[in-house]
Amino acid sequence: MKSSTITGFASAVLLVLLCGSTIALSFNGNDKTVIDTLAWTSDLSEIYSIIERNQIANTTIHLRSVTVFAPHNEAFLKSTKQENDDEYLPCYHITNVPMKLEQLGKSVFSELDGNPPMWITKKSSEEIYVNQAKVVYNLANYEHNNTFGKPQVLHVIDQVLQPLRMKKNSPQNVYNPNAWEFMENAEYLDLDSYHTNTFLQRVQTLDKKSVFSNQGGHTFFIPVDEVANYPKVRPEKIDVKVIDAHIVPDNVLFLGPTNEDEQFKTLAFTDMLKVLASFSKADEGDKIKYYVSSDTVVGDGVHPTGAVVAEIVKANIPVRNGVVHLISRPLMIVDNTVKQFIESYKDREDSVLHRFYEEIMNSGGDFLEKLGAMPNVTLFAPSNAALNDPSIQSYLTNRTYIRSLLDLHIVSRRLSIDDIVAESIDKRLQVSTEVPRKDLFFNVVTNGKNRTLTLEGGGVNATVIQANLAATNGIIHIIDHVLGIPSSTVDRKLATDPTLNETNYLGQVSLLNDQLGDVQKRFTYFVPRDFAWKRLAIDNPSAYKKLFMPEYSNVARQILERHLIIADKAFTMDDFKREANNNYNLSVKLPTVRDVSMYIQIREAAEGYSIEWRGEWIHVHRSDVRCTNGIIHVIDKVLITDNDIEVNAAIATKSITALVLIMAQCLVFYYFN
C-alpha cells in the first residue's frame with residue numbers, strides 16, 4: 001500500500017513537472033525582457049546561469065541590442081561540459097544586432113573575442129540552423145526592449161553552440177582564424193589531441209595556402225596525422241588535385257542541416273576530373289559515427305574512379321571562412337587492394353565491416369586471398385547489422401556453407417553504380433558471380449538526385465548502403481543483407497521485389513497472399529515477373545484488363561493458384577529435374593492448388609532452366625529464390641488459357657445479374673409495401 005502511494009505521488013509530481021515544462025517553453029503572453037525571460041523560464045536556466053556569470057555577456061545583454069540563441073536545458077544535458085565553458089559559451093550565443101529569423105543572412109558575428117561567426121543554414125522558412133543547432137521554430141522570434149529601450153530578440157535552439165577553443169595555458173592566442181590560420185596554428189588549438197602537420201606540410205609544399213584562405217563560406221576537410229586502426233597514407237600521394245578534393249566551395253556544411261548522401265562539388269570538380277563529396281553516418285556500438293566520402297566520378301591516369309571514405313573524428317569547427325571537419329585519412333587517394341580494405345576493419349570492432357571480416361576468417365580466410373589475387377573484382381560486403389540479424393545466426397555456424405556463400409558476394413569485374421545504370425537502360429542487369437549458375441540481379445531507383453541500388457542474390461534482396469568504395473583492384477559496395485540466406489517469407493519477398501509488383505498486387509486483392517506468410521507450410525511458387533504480365537497485356541489485352549478489375553479478383557486468384565504448390569517441402573529446379581530424369585525425361589506432375597494434375601517438362605541449358613507447359617517453353621528467369629517458408633521460381637510467362645477468363649467471366653456475369661435482380665426486387669418491395 002505504501003509503495004503504491006509513493007508511486008502515485010511520484011507520477012503526480014512527474015505530471016506537474018511535465019506540465020510546468022510545457023508552460024515554461026511557451027512565450028505566449030510573456031511580457032518580460034529577454035534576460036528576465038531567460039531567468040524566469042526554467043528550461044532556459046542553464047544558458048541564463050552562464051550569461052549571468054560572464055561579466056561581458058551579462059553587461060552586453062543588459063545594455064545593448066542583441067540577438068540571443070539560447071540552448072534549452074536538454075541541449076546542455078547532451079553536451080559535454082568543459083571547464084572553460086563560462087569563458088567561451090556565453091558570448092558565442094550572442095550577436096549585437098537584433099534579428100528575427102527572416103532577417104538572418106548566411107552568418108552573424110558573435111560577441112566572443114575576435115567576433116567569430118555563427119553560420120546560418122536555411123532549409124526552409126521553418127527549418128533554420130545556427131551552426132549545428134536547429135532553431136526551435138515555435139520558440140523563436142521573441143522580441144522585447146531591454147530596460148534601456150534597446151530592441152532584443154530571443155531564439156531557442158536545440159544544441160549548445162561550440163566555438164573554436166584555445167588549449168589551456170596556450171602561449172599564443174588565435175582569434176577567429178580562417179582555415180589556413182587554423183592549420184597553421186593547430187598546435188595552440190584545443191583539437192582533442194589531433195595533429196594536422198602532414199597535410200599542412202603538403203599544402204605548404206604545393207603552394208595551396210590560398211584555397212584555405214579564400215574569403216566567403218566554405219567547407220574544409222582536414223586529415224589528421226594518424227588515427228588508430230586506420231591505415232596510413234603516403235604523404236607524396238597528396239597532390240594538388242587531392243588537396244582540392246578536401247574543399248567544398250561556397251557551401252558551409254555542418255553535419256546537422258546537411259542531407260545524408262547529398263553530393264556537393266569539390267574544388268577538384270573540373271572539366272577533366274570530377275570529384276564530389278557527401279556525408280553519411282552509421283550506428284557503431286553505442287555511438288553514431290559520421291563519415292565523409294569523396295566520389296571520383298570521372299578520374300584520370302593518376303586518380304581512379306570510385307569513392308574513398310574517411311571518418312569525421314572532430315566535426316563542426318567554425319572558422320572565419322566556413323567550417324572545418326577533422327577526418328581520419330586523406331580523401332580521393334586509392335592505395336589499398338580489396339583484400340587490404342577488408343583487413344583494415346580487423347581491429348575496429350564497431351565498424352561497419354568488422355563482422356564481415358570475422359566471418360571470412362572463421363571460414364578459413366582463403367576468401368581474402370582470393371580477393372587479393374583477382375585483378376578486377378566487385379565485392380558486395382554485408383554490414384555488421386546484416387550479419388547480426390537474429391534470423392540468420394543458425395546458418396553462420398555452418399562454416400562450409402558460409403565459405404561457399406561468400407563467393408555469391410563477388411563478381412569478377414568492376415561494377416560501379418554508373419556502370420550498372422548504363423547497362424540497365426534496356427533491361428534489368430544480370431551478372432554472374434563466383435558461384436556457378438548463381439547470378440546477381442540489379443535494380444536502380446532514381447529519386448531526384450538520389451539513386452538507390454538494390455540487388456538480389458540467392459533469393460535475398462539487399463540495398464547498397466554505401467557504394468563505389470574504391471580499391472586498386474576493384475570496387476566495394478556495402479549492403480544491408482547477407483545474400484543467399486533467406487530472411488523473408490514468400491509474401492514479404494513478393495512485396496519487396498521490384499520486379500514482381502503485378503503478381504504481388506493480384507495476390508493482395510485476391511487475398512491469396514494472406515496465406516503465403518504461414519511459416520508452418522512450405523510453398524513452391526512459379527511467379528510471373530512484371531515482364532510476363534506486360535507480355536500478356538500485348539498478347540491478350542482483354543484478359544489482362546479483366547484480371548486487374550476488382551470484380552475478377554476470384555478469377556485472378558484461381559489463375560495464381562495454378563502457379564502455387566503447397567506441400568511438406570519446397571521444390572528446387574534440381575528437384576524437378578531429378579523427378580524428370582526418374583521419369584525418363586518425360587513430364588513432371590505438379591500438384592498445384594488449382595490444377596492437381598498439371599504437367600510440365602524441364603529443360604536445362606547454359607542460360608538456365610525452362611519449363612514446358614501446354615506446348616510452349618517458358619524461360620525461368622530466376623530459379624530457386626529461397627524464402628524462409630518456401631522457394632520462388634520467377635518465370636517469363638503467365639500460365640493462363642483463354643478458357644480461364646471466358647468461363648469465369650460468364651459466372652461473374654451471372655452473379656452480377658442475379659445480384660442486380662435481387663436488389664431490384666428489394667427496391668420494389670420497399671416502395672410498394
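**Entry 1: the seven-stranded sheet**

I began with the open sheet of seven strands in this predicted model. Reading across the sheet, I noted the order β24-β23-β29-β28-β27-β26-β25, with mixed pairing. I then looked up the edges, which are β24 (564-567) and β25 (588-590), each paired on one side only. For the twist, I recorded that neighbouring strands of this sheet are turned by 30° against each other on average, direction ignored.

Within this sheet I examined one pair of strands more closely. β27 (residues 608-613) and β28 (residues 616-627) pair in the antiparallel sense, and I noted four bridges between them. To fix the register I looked up I611, which stands opposite I618 in β28.

**Entry 2: the four-stranded sheet**

I next turned to an open sheet of four strands, ordered β2-β1-β8-β7, whose pairing is mixed. At its edges I found β2 (94-95) and β7 (142-145); each has a single partner strand, so one side of each is left without a neighbour in the sheet.

For β1 (residues 66-71) and β8 (residues 151-157) I recorded parallel pairing over six bridges. Which residue of β8 is the bridge partner of V68? I found L154 in that position.

I also checked what packs on this sheet. Helix α4 (residues 55-63) lies across β1, β2 and β8, and I noted that the helix runs at about 125° to β1.

**Entry 3: the largest pocket**

I then looked up the open spaces. The largest pocket has a volume of about 1200 Å³. I recorded 35 lining residues, of which T80, Q162, K314, A315 and N316 lie nearest the centre of the pocket. The elements that give two or more residues to this lining are α5 (73-78), β13 (287-298) and β14 (306-319).

Which element gives the largest share of the lining of the largest pocket? I found that β14 does, with eight residues. Sorting the lining by class, I noted 18 nonpolar, eight polar and nine charged residues.

**Entry 4: the second largest pocket**

For the second largest pocket I recorded about 800 Å³ of space. Its lining comprises 27 residues, and those nearest the centre are D261, Q263, D295, I417 and R451. I listed the elements that give two or more residues to this lining: β12 (274-284), β13, β14, α17 (417-423), β20 (450-457) and β21 (460-471). The largest share comes from β21, which supplies seven residues. By class, I noted 11 nonpolar, nine polar and seven charged residues in the lining of the second largest pocket.

Comparing the two lists of elements, I found β13 and β14 named for the largest pocket and again for the second largest.

**Entry 5: the cavities**

How many cavities of 30 Å³ or more does the structure hold? I noted two.

The largest cavity contains about 80 Å³ of space. I recorded its lining as F356, E359, P382, L387, L396, I402, L405, L406, H409, V482 and I485. Helices α12 (354-362) and α16 (399-406) each supply at least two residues of this lining, and α16 gives the largest share, with three. By class, the lining of the largest cavity has nine nonpolar residues, one polar and one charged.

The second largest cavity has a volume of about 40 Å³. I found that A386, D389, I392, H481, V482, I485 and S487 line this cavity. The lining divides into four nonpolar, two polar and one charged residues. V482 and I485 appear in the lining of the largest cavity and also in that of the second largest.

**Entry 6: aromatic pairs**

Last, I looked up the aromatic pairs, of which the structure holds 12. I examined one of them, F199 with F212. Is this pair stacked or edge-to-face? The ring centres are 6.1 Å apart and the planes stand at 85°, so I entered the pair as edge-to-face. The threshold for that assignment is an angle over 60 degrees.

I then placed both residues along the chain. F199 lies in helix α8 (residues 197-205) and F212 in helix α9 (residues 209-213), 13 residues apart, and I recorded the pair as a link between distant parts of the chain.

Terms used: Residues numbered from 1 in each chain as written. Predicted model: local features only at pLDDT ≥ 70, side-chain atom pairs only at ≥ 80, totals over all residues. Heavy atoms only, no water. 1 Å grid on protein atoms, 1.4 Å probe; cavity = no way out; pocket = protein on both sides within 12 Å on 5 of 7 lines; lining within 4 Å. Points joined across faces, edges and corners; volume = space filled by probe spheres on them. Nonpolar A, V, L, I, M, F, W, Y, C, P; charged D, E, K, R; others polar. Pairing = 2+ DSSP bridges. Axes fitted to C-alpha atoms, helices over the stretch in contact; angles between N-to-C directions. Contact = heavy atoms within 4.5 Å. Phe/Tyr/Trp six-rings, centres within 6.5 Å; stacked < 30°, edge-to-face > 60°.
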